[in-house]
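This report describes a predicted model. The paragraphs below move from the interior to the surface, and then to the charged pairs.

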Amino acid sequence: SARLIQNIKDLREVRLILHMEWGHILWGLCLMLTLSYLFAMVVAESISDWLYDSGGVDGPLRETMEKYFDNFPRTFITILLASAHGILWGDIFDLLEHVNWWL
């Protein structure tokens, strides 16, 4: 009977979670995606200009830049991963420091 009471309490908590307001969470997610998208556009433009202007840059730096910032979708995913702690911001900052001092 104690197990049944515990299951009922657990179901009540699940019901409360399902009925809570999701609007705030969705607006926060939209804001995060929008800001990440805008920042990814600035970063992708700066990286592409840097790769074009410094055509002689080869080696591990160029390979690492292309790994994280090869095209816009990859840049956007890199920014999202850094925002969600999937990639360390320090690693991304170290790469962007070579491109532009204000990034």
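## A buried threonine

In this predicted model, T75 lies in helix α4, which spans residues 72-83. T75 has a relative accessible area of 0%, and it is therefore classed as buried, the limit for that class being under 20%. When residues up to four places away in sequence are left aside, the contacts of T75 are A40, V43, A44, Y68 and F69.

## The largest nonpolar core

The largest nonpolar core holds 13 residues, and the members that touch the most others are I47, M65, Y68, F69, I92 and L96. Two or more residues of this core come from each of the elements α2 (23-53), α3 (60-69) and α5 (89-99). In soluble globular proteins, nonpolar side chains tend to be buried together.

Two of the residues named for the core, Y68 and F69, also appear among the contacts of T75.

## A nonpolar patch on the surface

Nonpolar side chains are also found at the surface, where I17, M20, W22, I25, L26, L29, M32 and L33 make a patch of about 710 Å². Helix α2 provides the largest share of this patch, namely five residues.

One of the patch residues, W22, is located in the loop between α1 (2-18) and α2. The relative accessible area of W22 is 40%, so this residue counts as partly exposed, a class that lies between the limits of 20% and 50%.

## Salt bridges

The model contains two salt bridges under the cut-off of 4 Å between a side-chain nitrogen of Lys or Arg and a carboxyl oxygen of Asp or Glu. In one of them, E66 pairs with R62, and the closest N and O atoms are 3.3 Å apart. Because E66 and R62 are four residues apart in helix α3, about one helical turn separates them. Both partners are partly exposed, with relative accessible areas of 31% for E66 and 21% for R62.

The other salt bridge joins the side chains of D70 and R74, with an N to O distance of 3.9 Å, which falls within the 4 Å cut-off. D70 is partly exposed at 44% relative accessibility, and R74 is likewise partly exposed, with a relative accessible area of 36%.

Methods. Residues are numbered from 1 along each chain as its sequence is written. This is a predicted model: local features need pLDDT of at least 70, side-chain atom pairs count only at pLDDT 80 or more; totals for chains, interfaces and linings use all residues. Side-chain values use heavy atoms; hydrogens and water are left out. Buried means under 20% relative accessible area, exposed over 50%, partly exposed in between (1.4 Å probe, protein chains only). Contact means heavy atoms within 4.5 Å. A nonpolar core is a set of buried Ala, Val, Leu, Ile, Met, Phe, Trp, Tyr and Cys residues joined through side-chain atoms within 4.5 Å. Patches are made of residues with over 30% relative accessible area and no salt bridge: like charges are joined within 9 Å, nonpolar side chains (Val, Leu, Ile, Met, Phe, Trp, Tyr) within 5 Å. Accessible areas come from the Shrake-Rupley method with a 1.4 Å probe; for residues, only the protein chains shown count as cover.
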